[in-house]
Amino acid sequence: MHGQLLLLGIKGYELSPNEVHYLSKIQPGGFILFGRNVQSPTQVRALTDSLRDICEIEPIIAIDQEGGRVTRTREIGNTPPSAEQLRICGKPDLIAWHGIQTGLLLTQLGINMNLAPVLDICYDTEADNALRGRCYGRDAQEVINNAGVYNRNLIRTKVHGCGKHFPSCGLADVDPHHKLPVSDKSKEEMMQSDLLPYTALGDELSAVLTGHTHFSQLDPDSPGLPASLSRNVVTRLLRDQLGYNGVVMTDDLDMGAIINTYGRGPDVKMAIDAGNDMAMICHQTDTAEQALASLKEISTYAIDDSLKRIRKLKKKLPKTIIFSQERWDKINDEIMELRIEALGEEAAKDQRDTVSNSRSPVEDY
């Protein structure tokens, strides 16, 4: 039962005997895939099928497939334009096409949730905060318009979206993969900007991902507490004030902003106590049983609402379809067509990440 509150990473291209053993015991609520899990389309599909086989309850199988520098399938297919490139292009129909292409591609791989769209506002295109090139707008309305088009078209393929990084990573001045960002912005100021995409799109989002930034004015009595572990942020703000009723999950608890301070066990327990429904462990997957032991210290009564929300989402997960290499190739060709439409024929040919220069681990996972 408590395993449903975990969303876990996998080490390689296929499940090891040890992973089969402990994952079968844990029965996690879901999994997240990264580039380290991607070798070929048929291999990824075999992996996701094997994940389903060991789960008694249909799992969420998620991935970060935003486009641009955060494209986990870059080694096996064309890279879609980034949110920033599509924003600059200024054609909503291309964003809609991107949403549909992404959903169809992930469906072929047996993936049922995309950890996108990014709902952060881009305040500084040069900020070293992991968001470079990943934002749909320079203000709240632009994010609402563009991310909304993307999410609605992703959903048309039955793949679920997840808005991130609540309440805002756009305000971060450092990369949470390394250390904890801090923002002094007040809730009143955020209600007029950063939080507007969540109030506007909340009813359309299957899930929301909470970010690792400390908001000093939201948690004045808890210096250094990340939003992802804050009851003031997750329960009082997102749930109670903004009225969000979908699944809430943490960003990766293996990031330096969390694991360096709290350690495995206390972090997942704090995450659920704060109001998250699922705790994400992406890389230190050998600690999953330790995480589960800490979660079992929480009474089943206290997690009842979370389990209900997870069950409600899982009832809407798409049924798997038979993998088709012909269909995969067609979608892959269409992604190149999208690149050409958005970037021009010459620029579309260069699919290297020329934006970030590997300034964040996010594009390397």
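This is a quick tour of two buried residues and one helix pair in a predicted model.

Some housekeeping. Numbering starts from 1 along each chain as its sequence is written. Because the model is predicted, local features need pLDDT of at least 70 and side-chain atom pairs pLDDT 80 or more, while totals for chains, interfaces and linings use all residues, and side-chain values use heavy atoms, with hydrogens and water left out.

Okay, Asp64. You'll find Asp64 in the loop between β3 (60-63) and β4 (65-67); strands here are DSSP E runs of at least two residues, helices H or I runs of at least four, numbered from the N terminus. So, buried or exposed? Asp64 is buried, at 9% relative accessibility, where buried means under 20% relative accessible area with a 1.4 Å probe, protein chains only. The Asp64 side chain makes a polar contact with that of Lys164 at 2.9 Å (N or O atoms within 3.5 Å, one able to donate a hydrogen and the other to accept it; sequence-adjacent residues count only if both atoms are side-chain atoms).

Next, Ala207, in strand β9 (residues 207-210). Ala207 is buried too, with a relative accessible area of 0%. Its C-alpha is 6.4 Å from that of Gly163, 44 residues apart along the chain.

Last, the helices. α4 (residues 92-109) and α13 (residues 325-343) pack at about 155°, axes 10 Å apart; axes are lines fitted to C-alpha atoms over the stretch in contact, and angles run from 0 to 180 degrees between N-to-C directions. That makes the pair roughly antiparallel, since the cut-off for that is over 145 degrees.

Note on methods
Buried means under 20% relative accessible area, exposed over 50%, partly exposed in between (1.4 Å probe, protein chains only). Angles under 35 degrees count as roughly parallel, over 145 as roughly antiparallel, 65 to 115 as roughly perpendicular and the rest as oblique.
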